[in-house]
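Reader: Got a minute to walk through this one with me? I'd like to start inside and work outwards.

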Amino acid sequence: MEWNAETLQFLSQCFLHTLSPNPEPRRRAESSLSEAADRPNYGLAVLRLVAEPSVDEHIRQCAAVNFKNHLRVRWATEVSREPNAVTLALIPDPEKEQIKALIVPLMLSATPRIQSQLSEALSLIGKHDFPKKWPSLLPELVSSLRTACQSSDYVSISGILGTANSIFKKFRYQYKTNDLLLDLKYCLDNFAAPLLEIFLKTATLIDSVVNAGGPAVAATLRPLIESQRLCCRIFYSLNFQELPEFFEDHMKEWMSEFKKYLTTRYPALEEGSGDGLAVVDDLRSAVCENISLYIEKNEEEFQGYLNDFALAVWSLLGTASASSGRDQLTINAIKFLTTVSTSVHHALFAADDVISQICQGIVIPNVRLRDEDEELFEMNYVEFIRRDMEGSDLDTRRRIACELLKGIATNYKEKVTAIVSVQIQNMLGSCATNPAANWKDKDCAIYLVVSLATKKAGGTSVSTDLVNVENFYGSVIVPELKSQDVNGFPMLKAGALKFFTMFRNQISKPIAIALVPDVARFLVSESNVVHSYAANCIEKLLLVREEGGIARYTSSDISPFLPVLISNLFSALKFPESEENQYVMKCIMRVLGVADITREVAGPCILELTNVLAEVCKNPKNPVFNHYLFEAVAVLVRRACEKDASLISAFEGSLFPCLQTILVNDVTEFFPYAFQLLAQLVELNRPPIPPSYMQIFELLLSPDSWRKTANVPALVRLLQAFLQKAPHELNREGRLSQVLGIFERLVSSHTTDEQGFYVLNTVIENLGYEVITPYVGHIWATLFGRLQKNRTIKFVKSFLIFMSLFLVKHGSTNLMDSINAVQANIFLVILEQFWIPNLKLITGDIELKLTSVASTRLLCESPALLDPTSAKQWGKLLDSIVTLLSRPEQDRVEVELEVPDIGETMVYAATYVPLQNAGRKEEDPLKEIKDPKEFLVASLANLSARSPGRYPQIISENLDSANQAALLQLCGTYNLRIV
């Protein structure tokens with residue numbers, strides 16, 4: 001694309017029309033730009049349009065956004081998350097060089113909105129090219145910074161610092177490697193000194209502006225403060241990996257200014273209108289992050305400044321934590337004190353009065369509910385729960401304040417426990433004197449107990465020294481949950497439910513189960529948070545296990561109140577904003593997994609679940625809720641039919657319309673779930689399969705159904721169910737050819753080859769040899785082709801399992817003859833190159849048993865292996881069998897170096913998630929053989945008895961010494977001899 005007047009006109013018109021409110025010209029313009037983007041120099045032409053002052057500002061801004069997005073997808077090759085994604089043509093190298101030459105001066109001269117887009121674009125280039133492919137960037141930024149600094153042009157200074165901040169961020173997150181350290185050294189050598197220079201100059205300007213005063217102080221100060229914040233963020237990036245020598249040498253200059261920003265107030269900004277206070281707090285917050293980094297990583301060098309900073313942060317918290325809207329500063333300041341509390345300088349917190357002041361002055365004020373918390377509780381329950389219950393609230397005031405206490409308790413546990421226990425009792429006493437006015441004190445006390453509880457390693461149990469759990473439960477929690485008003489004081493009720501959930505393992509079964517009917521009442525609380533917490537409490541309670549792994553709560557425990565519990569759970573889904581409440585649906589799934597599912601329970605439940613399913617099919621939004629919904633359906637069907645097989649037809653009548661809606665209306669997100677449910681229904685039927693299923697079978701055999709990779713595991717699961725329940729149907733209308741066509745398609749790709757083997761294994765397992773004989777040669781040819789072209793460890797293991805299954809089902813002679821029919825004497829080559837060396841890699845109880853028994857039968861039945869000329873192969877195969885059976889998995893299985901292709905799993909609409917409650921039961925094809933080790937030794941004893949003296953010599957020549965000893969030990973165990 002040449003840059004001329006016509007190009008300028010064309011691009012200007014296109015970008016203008018993309019801003020049109022009318023869809024037709026907008027679509028045409030977007031299509032024209034999309035086509036033009038494939039042409040060389042498109043990006044360069046758009047950048048020149050952005051630089052053209054005669055063009056309207058809005059058009060240039062639109063062009064800047066387009067330029068940034070163009071670079072995002074065409075500057076470098078990115079691994080696509082989508083299968084079959086179109087690969088876009090990359091920007092040619094000559095065009096890249098011209099863009100890099102133009103972008104820095106253009107960004108610095110642009111208006112603020114365009115500058116921000118170009119700064120992002122520059123960062124995108126820097127991510128791939130800086131510094132090795134763009135050595136001129138940093139010198140150009142430094143030169144521009146010095147020029148801007150001389151004229152105090154803080155618009156340009158902020159643009160340069162913002163760009164530097166973006167390109168230096170990689171030093172915070174990437175692993176420390178030699179290449180990264182070389183890049184860091186290059187950046188330090190070029191930028192550390194100019195950074196300190198601009199930082200100190202700006203600090204001097206800030207002081208002079210403040211001292212001079214006047215009406216324009218706020219407007220003048222603002223860009224200076226913002227510039228210092230950017231300097232602090234760059235400081236953080238450049239110091240993250242290790243303490244650079246330059247920064248150690250100039251630590252005093254940096255720390256003096258850092259301390260000043262924590263201790264100095266700027267009334268002109270902080271007390272004026274607008275967001276002046278937030279601008280200053282952002283700088284202070286960045287300083288807190290920097291000093292936290294130094295106390296954490298450079299403790300020795302920083303210790304001389306520690307006391308002053310601790311005092312400064314403490315004083316700052318006294319005002320900041322009392323104000324709403326200053327959350328990030330408060331959090332970062334408390335994080336600094338927390339880091340100090342766990343360092344070698346923890347003695348700063350040793351005195352009783354210090355811990356008491358921290359508790360009263362920092363912890364309690366930040367844990368106490370604020371107006372913002374109540375508003376979030378009422379207006380955005382999903383976000384409230386995410387912060388409060390799911391453990392993702394580390395960066396909220398409440399959680400970080402408790403983390404500070406935990407940090408101090410690392411070294412002063414008894415003092416912290418004593419002081420906090422007194423505070424808790426004081427707050428409970430305050431609430432008791434006037435519950436209506438002081439309920440927040442009680443909430444604060446409960447929150448402290450829950451948040452300061454210690455989790456036991458490797459389990460869900462927690463403990464606390466702050467209170468006696470059962471006494472606190474009885475005196476504080478039970479009265480709240482016994483309250484008849486399920487809508488009164490909802491935040492207090494949520495806290496009580498959270499305590500019950502947290503300490504569920506410590507509360508004895510009789511005491512806990514007595515309160516469950518009361519918890520069930522809160523499922524119909526109008527508060528979304530309360531009925532979510534009630535559902536979560538019951539769901540977690542039903543998961544509690546005793547020491548032996550036995551479930552503490554069984555169907556008999558919940559049967560007295562089961563009808564009310566189920567009714568309330570489905571009622572909770574009818575509250576506004578809880579129609580897709582994942583906590584409620586997960587609880588429904590768990591209750592159905594524990595309860596005694598009678599016909600009376602099953603009928604209403606399937607009706608409610610299918611109603612919900614029909615609704616979410618219209619617009620699937622919440623993947624977690626949807627998963628638990630399908631799990632709930634699956635567990636209901638499974639457990640009800642286990643108890644009463646006649647219910648299957650009722651379930652079919654309820655579910656088929658929903659499943660049909662999913663397939664007909666192309667609700668692709670639900671395809672994998674629908675196929676898994678259909679597989680479950682097929683497996684629960686007794687032959688003959690009802691005709692309604694055969695229509696699905698035809699759909700299953702259509703190649704179109706298999707085009708989406710995410711559907712494949714579920715389709716294979718359904719196909720396996722059909723092959724097991726209706727194998728005779730395969731002989732009709734060329735269906736076996738279609739099934740084997742599916743196998744061939746799947747096995748050709750490394751992402752689906754395992755699924756292809758599942759299909760093939762099911763065919764071999766369920767059809768007689770006379771049925772598959774016409775196809776066997778083609779099957780082997782397909783597998784051998786894949787072995788030659790693109791074999792992986794996973795494929796070879798699956799191939800070995802398939803050959804083993806073929807042998808145990810159809811005999812070693814059919815196995816060898818059919819393989820040799822493809823190519824003369826190829827079987828022994830396959831045995832030597834694939835079977836023997838990879839047998840030791842097999843994992844899984846059924847797979848290990850199958851392959852070891854098949855290998856043993858091959859060893860003792862195959863004429864080719866029993867021939868004296870094959871003695872070496874016979875010995876090596878036995879050596880592999882003994883390795884498989886005698887050595888632990890970790891000693892014989894090497895770590896696979898294949899990297900799984902996880903791209904698909906990151907896209908919600910194209911994800912297969914297995915339903916645990918609709919899982920296929922693994923069938924053991926060798927139920928009659930209980931112990932593969934005994935089978936090996938007995939088979940060898942029988943074989944050697946027919947040719948005494950022959951096999952001990954082969955064993956001594958071909959088995960390694962450890963395996964000879966293991967085989968001898970096995971013979972002793974089963975009292976059998978190889979003679």
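Reader: Which residues does Phe168 touch, leaving out those up to four places away in sequence?
Author: Phe168 touches Phe130, Leu138, Cys187, Phe191, Ile234, Ser237 and Leu238. Contact here means heavy atoms within 4.5 Å. Keep in mind that this is a predicted model, where local features need pLDDT of at least 70, side-chain atom pairs count only at pLDDT 80 or more, and totals for chains, interfaces and linings use all residues. Residues are numbered from 1 along each chain as its sequence is written, and side-chain values use heavy atoms, with hydrogens and water left out.

Reader: How many residues are in the largest nonpolar core?
Author: That core has 343 residues, and Phe168 is among those with the most contacts inside it, along with Leu448, Val591, Trp780, Leu783, Trp835 and Trp874. A nonpolar core is a set of buried Ala, Val, Leu, Ile, Met, Phe, Trp, Tyr and Cys residues joined through side-chain atoms within 4.5 Å. Buried means under 20% relative accessible area, exposed over 50%, and partly exposed in between, with a 1.4 Å probe and protein chains only.

Reader: Back to Phe130 for a sec. What kind of peptide bond joins Phe130 and Pro131?
Author: A cis one, with omega about 0 degrees. Pro131 sits in the loop between H6 and helix H7 (137-150). Helices (H or I, at least four residues) are DSSP runs, numbered from the N terminus.

Reader: And where do we get a positive phi outside glycine?
Author: Asp666 has one, near 60 degrees. Asp666 is in the loop between helix H32 (648-664) and helix H33 (671-684), and counts as partly exposed at 46% relative accessibility. Asn975 is another non-glycine with a positive phi, about 55 degrees. Asn975 comes in the segment after helix H48 (961-973) and is exposed, at a relative accessible area of 70%. For context, most residues other than glycine have a negative phi, and most peptide bonds are trans.

Reader: Switching to rings. How many aromatic pairs are there?
Author: The count comes to 39. Rings of Phe, Tyr and Trp (its six-membered ring) pair if their centres lie within 6.5 Å; planes under 30 degrees apart count as stacked, over 60 as edge-to-face and the rest as tilted. One of them is Phe235 with Phe258, edge-to-face at 5.1 Å centre to centre and 85 degrees between the planes. This pair links distant parts of the chain, 23 residues apart, with Phe235 in helix H11 and Phe258 in helix H13 (residues 251-263). Both Phe235 and Phe258 are buried.

Reader: Which cluster are those two in?
Author: One aromatic cluster that holds Phe235 and Phe258, and its members also include Phe199, Trp254, Tyr294 and Phe309.

Reader: What else is on H11? Is Arg233 buried or exposed?
Author: Arg233 is in helix H11 (residues 217-239) and counts as buried, at 12% relative accessibility. Beyond four places in sequence, Arg233 touches Asn165, Arg172, Ala286 and Glu289.

Reader: Which charge lies over the face of Phe240?
Author: Lys297 does, at 3.9 Å from the ring centre. Arg398 lies over the face of Tyr447, also at 3.9 Å from the ring centre. The rule for a charge over a ring is NZ of Lys or CZ of Arg within 6 Å of the ring centre and within 35 degrees of the ring normal.

Reader: Cysteines next. How many disulfides?
Author: The search of the whole structure finds 0, where a disulfide is a pair of cysteine sulfur atoms within 2.5 Å. Cys605 is in none; its nearest cysteine sulfur, that of Cys587, is 12 Å away. Cys605 counts as buried, at 1% relative accessibility.

Reader: How many residues of H3 are buried?
Author: In helix H3 (residues 42-50), 8 of its 9 residues are buried. They pack against helix H1 (5-18), helix H2 (23-36), helix H4 (57-74), helix H5 (93-109) and helix H6 (112-129).

Reader: Last thing, where does pLDDT stay under 50?
Author: Residues 79-85 are one such stretch, with 8 contacts beyond four places in sequence. Residues 895-910 are another, with 26 such contacts. The chain averages a pLDDT of 90, and 96% of the residues score at least 70; pLDDT is the predictor's confidence in each residue, from 0 to 100.

Terms used
Helices (H or I, at least four residues) and strands (E, at least two) are DSSP runs, numbered from the N terminus.
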